[in-house]
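Trainee: I should like to go through a structural model with you, one question at a time. May we begin once it is in view?

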Amino acid sequence: MRVAILISGRGSNMERLVDSCKINNKSASIELVFSNNDKASGLSFAKNNNIKTSVIDHRIFEKREDFDHELDKKLRENNIDFICNAGFMRILSEDFVNNWFNKQLNIHPSLLPDFKGLDVHKRVIESKTNISGCTVHLVRAGVDEGPIIGQISTNVESNDNEEILAGKVLKLEHILYPVCLKLFSDNLIQINEDKIIYSKEAIDQLDEINARLGK
Ligand code: GRF
């Protein structure tokens with residue numbers, strides 16, 4: 001499966017996806033790292049790993065759809081089969097989302113459907129909830145919406161601040177995203193009208209995460 005990763009900044013999830021495809025996911029290969037921001041620091045990691053990069057600045061387009069059209073073109077030129085959004089700070093238009101229906105994942109640093117949107121950790125702490133985590137989900141037209149593929153939770157301790165919580169959740173993101181991508185590239189899950197049907201191997205692989213984390 002030829003995969004493109006969309007980033008806007010640091011790209012630490014992208015790094016983990018790249019590493020996992022080198023080490024233990026032979027059914028997916030990261031063929032393109034795309035950014036809407038030429039200053040995204042993750043681009044240098046991709047270049048250093050000989051992965052093709054591409055930047056299109058969204059600010060030069062008047063309409064969201066025009067940027068999305070160029071992005072779609074770039075993905076098709078590179079024969080991309082599947083997209084992973086990893087800190088990609090753009091809302092994608094409905095047409096784009098539908099063109100990549102069930103072929104686009106996103107990672108979000110909360111236990112969706114709770115805390116969609118930005119400033120997640122700040123809002124989690126303010127809410128005084130004692131549990132948070134991360135979610136990998138298929139992309140649908142609404143922000144941070146779509147069928148959930150996997151989640152990992154963590155306790156929010158009373159002395160956690162935004163930074164501490166972000167760090168704890170990011171570590172979990174780095175574990176979850178590669179596993180979820182592999183479920184797709186190994187064809188271990190099916191989607192029927194937005195319901196995820198997990199094969200036995202898929203369930204085992206998701207359970208194995210919790211075992212690894214001692215949960
Ligand atoms: C991650 O927390 C991800 O869940 C969110 O944006 C952040 C991106 O971090 N969508 P990185 O660029 O992958 O380091």
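**Strands, cores and backbone**

Mentor: Let us start with a pair of facing residues: Ile191 stands opposite Ile196 in S9. Please keep in mind that this is a predicted model.

Trainee: In which sense do S8 and S9 run, and how many bridges join them?

Mentor: Strand S8 covers 189-192 and strand S9 covers 195-198, and Ile191 faces Ile196 of S9. The two strands run antiparallel, and the number of bridges joining them is four.

Trainee: Which residue in the turn of the hairpin formed by S8 and S9 has a positive phi?

Mentor: The hairpin has two residues between its strands. Most residues other than glycine have a negative phi. The residue with a positive phi, about 50°, although it is not a glycine, is Glu193.

Trainee: Is Glu193 buried or exposed?

Mentor: Glu193 belongs to the loop between S8 and S9. Exposed means over 50% relative accessible area. Because its relative accessibility is 77%, Glu193 counts as exposed.

Trainee: What is the phi of Lys128, and where is this residue found?

Mentor: Lys128 is not a glycine, yet its phi is positive, at about 65°. With a relative accessible area of 72%, Lys128 is exposed. Its place is the loop between H5 and strand S6 (131-138).

Trainee: Which two residues are joined by a cis peptide bond?

Mentor: Most peptide bonds are trans. Here a bond with an omega of about 15° is cis. Pro113, in the loop between strand S5 (104-108) and helix H5 (120-127), takes part, and the bond joins Leu112 and Pro113.

Trainee: In what order do the seven strands of the open sheet lie?

Mentor: The pairing in this sheet is mixed. Its edge strands, each pairing on one side only, are strand S3 (52-55) and strand S7 (148-155). Neighbouring strands are turned by 20° against each other on average, direction ignored. The order is S3-S2-S1-S4-S5-S6-S7.

Trainee: Which residue in S3 is the bridge partner of Val33?

Mentor: Strand S2 spans residues 29-35 and pairs with S3 in the parallel sense over four bridges. In S3, the partner of Val33 is Thr53.

Trainee: At what angle does H6 run to S7?

Mentor: H6 lies across several strands, namely S1 (2-7), S2, S4 (82-85), S5, S6 and S7. Relative to S7, the angle is about 155°.

Trainee: Which helix gives the largest share of the largest nonpolar core?

Mentor: This core has 44 residues, and those touching the most other members are Ile5, Ile30, Val33, Ile149 and Leu181. Ten of the core residues, the largest share, come from residues 162-185, which form helix H6. The core draws at least three residues from each of domain 1 (1-100) and domain 2 (106-215). The helix asked for is H6.

Trainee: How many residues make up the second, separate core?

Mentor: Among its members are Ala4, Leu71, Ile83 and Val97. The number of residues in this second core is 16.

Trainee: Which residue's side chain makes a polar contact with the side chain of Ser185?

Mentor: Ser185 lies in helix H6 and is buried, with a relative accessible area of 12%. Leaving aside neighbours within four places in sequence, Ser185 is in contact with Met1, Asn25, Ser27 and Ala28. The side-chain polar contact, at 2.8 Å, is with Ser27.

Trainee: Is Ser132 buried or exposed?

Mentor: Ser132 is found in strand S6. Not counting residues up to four places away in sequence, Ser132 touches residues including Pro109, Val124, Ile152 and Leu165. Buried means under 20% relative accessible area. Since the relative accessibility of Ser132 is 2%, this residue counts as buried.

Trainee: What distance separates the C-alpha atoms of Phe101 and Ala141?

Mentor: Phe101 sits in the loop between helix H4 (94-99) and S5, and is partly exposed at 39% relative accessible area. Not counting residues up to four places away in sequence, Phe101 touches Arg140 and Asp194. Phe101 and Ala141 are 40 residues apart along the chain, and their C-alpha atoms are separated by 9.8 Å.

Technical notes
Residues numbered from 1 in each chain as written. Predicted model: local features only at pLDDT ≥ 70, side-chain atom pairs only at ≥ 80, totals over all residues. Heavy atoms only, no water. Buried < 20%, exposed > 50% of the residue type's maximum accessible area, 1.4 Å probe, protein only. Core = buried A, V, L, I, M, F, W, Y, C linked by side-chain atoms within 4.5 Å. Domains from an automatic or database assignment. Pairing = 2+ DSSP bridges. Axes fitted to C-alpha atoms, helices over the stretch in contact; angles between N-to-C directions. Contact = heavy atoms within 4.5 Å. Polar contact = N/O pair within 3.5 Å; in protein donor to acceptor, adjacent residues only side chain to side chain.
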